[in-house]
Amino acid sequence: MNIIISAAALAAITVSSTAFGGLSFTDIATNENSGINYQHGQTSRHDVRQAQHFLPSQQAPISIIDVANMPIHVAGKSGVLLLDYDNDGDVDIFATNVTGMANSLFQNQLSNTGQLSFIDMAAQAGIDSPEHQGSGACYADVDNDGDHDIFVVGDDDSHRLYENNGNGTFTDITVKSGSTFTSSTKGGTVCVFGDVDNDGFVDLHVAHAWDFDTGIACFAEPFALNVANELFHNNNDNTFMDISTTSGIQNLGVVPPGAQTITWAAALVDYDQDGDLDLFNADDSCAMPAAAYGGVDRGLIQVWDNDGSGNFSNVTVQVGTDKPGHWMGIDFADFNHDGNLDFFATNMGDYMPPVMNSSAPLGSTTSRMFTGNGDGSFSDPGAGALVATPFGWGTTAEDFDNDGDTDVMFAGGIDVGVIITADNPGSLLLNDGTANFTYDSAAFEDRTTRQNIQGVATGDINNDGFVDIVTTSNFAMPSFFPLIPSIAQFGGPFDEAAFFVPMMNMVGPGIFSWSGLIYNPGVMSVQINQPSSLHKSISVQTKGSVGLIANGAVNRSGIGAIVSFTPTGGNTAIKPVAGGASHASQSTHQLNFGMGSAKRGTVDVFWPGGVRNRLYKVRGGENIIFPEIPCSIDTDNSVWQYLNCTYRSLKKLEQAGVLTKKENKRFLISALRAYLEEHKYNLNEKEDG
């Protein structure tokens with residue numbers, strides 16, 4: 001073994017932390033009684049790389065050109081989904097794996113036993129698929145039958161679509177769903193569901209990078225080797241049609257005409273709140289500098305505006321997201337309470353470039369928030385008091401302390417052939433209510449963890465009203481291998497935990513030799529929120545009513561809806577219901593909103609297509625099933641026409657078992673009040689006339 005470290009590096013292995021926010025998470029997966037036994041394997045690319053350069057018989061120094069030609073992302077990806085797959089009222093966990101290692105489907109036992117523990121039901125459910133090499137994943141009710149179906153992106157393998165049978169099992173309907181899913185695909189990364197043409201059925205976007213058998217696309221070739229992203233239209237019968245070319249999503253901003261990029265994250269979100277879903281792709285510059293520093297601009301946050309019928313126009317430059325970076329993950333919320341959707345995007349971080357002798361200036365590779373301006377554009381306020389941030393893959397925007405403000409959690413690490421980042425096994429950023437974030441360094445138990453995290457997803461796993469976090473890593477670094485401090489120190493709160501691990505040591509100018517590092521399997525962490533506050537929350541589960549009532553228009557998952565919650569006397573918080581975000585992962589459709597010191601509040605839902613519904617007097621601790629009522633509170637119809645529409649719709653929803661009689665009455669009373677409040681000015685105007 002060939003480990004080269006300094007005394008200073010050894011002295012810095014122990015990290016001190018100072019708590020700012022008082023939050024604390026406990027990883028129950030470290031307890032064998034939890035039932036979480038996930039281990040992530042390695043792809044065949046790992047074996048190829050070992051055979052070529054990393055075996056004891058291959059100890060000859062190699063050049064930087066050899067490094068660029070080696071297989072990359074050899075550990076594959078570890079996507080994670082939080083969903084209630086069996087409709088028993090608690091959150092289950094699905095995680096992807098590589099060939100030879102089965103997927104995991106951890107069934108939550110909370111509703112069965114009253115205790116938080118899990119049983120891996122993947123094999124019994126028919127979704128273990130050990131022969132498949134999975135990457136990212138996403139879920140939605142594809143066929144509008146009332147349960148969650150799962151899509152797994154193939155990594156140098158076919159994609160897979162699993163139909164939920166409604167009895168705790170799944171059927172692989174990949175071939176049935178269309179030949180577009182069965183062909184071999186290179187560089188598959190992430191997926192996201194969303195109804196792009198508002199026909200009531202979710203469509204599917206699948207993103208790609210390049211053929212990971214070589215790193216040339218990362219290090220040397222900007223466009224030619226990249227694989228185009230895809231968009232599949234749901235034909236409403238469990239089959240899909242490829243509309244990638246005709247939809248316009250392969251027309252990118254800034255890059256040369258026809259060129260494709262490297263996409264690590266995607267989202268379908270109605271960012272301009274005009275009633276249709278728009279597309280975001282988080283793209284990576286990889287090892288190439290931006291044009292301003294002698295390279296090429298390809299790592300942008302690409303944005304396409306939807307015309308409402310599934311035709312997309314690239315507006316990256318117009319909306320202000322044409323900021324070169326190494327974008328990896330994305331999630332949306334209204335961080336500053338101004339009524340506009342903002343987003344947080346993860347990046348390479350500021351500590352890796354100095355180690356790689358990069359000229360990237362501070363701030364250009366920072367994970368950070370972009371704020372919506374209200375006119376469809378975004379501003380980039382930078383890192384603020386955080387100064388610099390570590391590497392990030394998965395990210396999620398949630399109110400972790402239930403104070404009414406949306407916080408951010410992100411994590412990540414990467415093996416780039418020469419070094420492995422070890423600077424971010426989990427970072428929690430607490431929002432002060434004005435979109436100023438403070439790093440809570442003591443929120444997680446172990447800041448020196450060796451896990452190379454990629455997947456991040458959130459949900460209330462133990463049903464206590466506080467949001468929990470699940471992460472998956474695609475590999476881990478052995479405990480005996482020392483963590484080396486980054487040479488970069490920026491005066492920010494992340495300085496003390498900015499480590500890396502050498503995969504190779506430089507033995508001459510541009511010449512490297514293997515350090516002796518061997519991967520350990522990746523694992524899953526299930527971080528349960530241990531709140532110190534008494535703040536309560538409410539949860540909202542949207543439910544589209546297409547197929548349930550005559551004029552229902554929204555998919556059953558409610559994906560695409562924008563939910564707002566205003567606690568009495570507090571600021572309004574906003575979250576979209578997403579069919580995939582973060583990185584290769586997806587959080588629960590159930591949205592949690594903190595209440596601060598309030599006891600009640602108001603929920604508004606803006607549905608795809610433009611209908612608005614409202615529910616008043618929602619109490620702390622309530623779990624609301626909010627159905628689409630296709631009668632908008634801002635309609636031009638008379639109050640009697642509106643009430644007739646609402647009454648009939650709610651009655652049908654009651655007959656369909658979506659609402660109880662009591663809930664029906666509650667929604668009806670709220671609907672009338674909302675209509676009158678929305679039309680108060682017009683009514684007065686008519687009286688004056």
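**Exercise 1. Describe the lining of the largest cavity in this predicted model.**

Step 1: find the lining. It comprises 19 residues. Asp331, Lys575, Ala578, Ser587 and Thr588 lie nearest the centre of the cavity.

Step 2: assign strands. β24 (395–398) and β38 each supply at least two lining residues. β24 gives the most, with three.

Step 3: sort by class. The lining of the largest cavity has eleven polar, five nonpolar and three charged residues.

Step 4: add the volume. The largest cavity holds about 180 Å³ of space. The structure has ten cavities of 30 Å³ or more.

**Exercise 2. Describe the second largest cavity in the same way.**

Step 1: state the volume. The second largest cavity holds about 80 Å³ of space.

Step 2: find the lining. Of 14 lining residues, His73, Val74, Asp415, Asn474 and Phe475 are the closest to the centre.

Step 3: assign strands. β29 (451–459) and β30 (468–476) are the elements that give two or more residues to this lining.

Step 4: sort by class. The second largest cavity is lined by six nonpolar, six polar and two charged residues.

**Exercise 3. Place histidine 337, which has a positive phi, and decide whether it is buried or exposed.**

Step 1: read the backbone. Histidine 337 has a phi of about 60 degrees, yet it is not a glycine. Most residues other than glycine have a negative phi.

Step 2: locate it. Histidine 337 sits in the loop between β20 (330–333) and β21 (342–345).

Step 3: apply the cut-off. Buried means under 20% relative accessible area. Histidine 337 has 16%, so it is buried.

**Exercise 4. Repeat this for alanine 584.**

Step 1: read the backbone. Alanine 584, not a glycine, has a positive phi of about 60 degrees.

Step 2: locate it. Alanine 584 lies in the loop between β38 (573–576) and β39 (591–594).

Step 3: judge exposure. Alanine 584 has 4% relative accessibility, so it counts as buried.

Note on methods
Residues numbered from 1 in each chain as written. Predicted model: local features only at pLDDT ≥ 70, side-chain atom pairs only at ≥ 80, totals over all residues. Heavy atoms only, no water. Helix = DSSP H or I, 4+ residues; strand = E, 2+ residues; numbered from the N terminus. Buried < 20%, exposed > 50% of the residue type's maximum accessible area, 1.4 Å probe, protein only. 1 Å grid on protein atoms, 1.4 Å probe; cavity = no way out; pocket = protein on both sides within 12 Å on 5 of 7 lines; lining within 4 Å. Points joined across faces, edges and corners; volume = space filled by probe spheres on them. Nonpolar A, V, L, I, M, F, W, Y, C, P; charged D, E, K, R; others polar.
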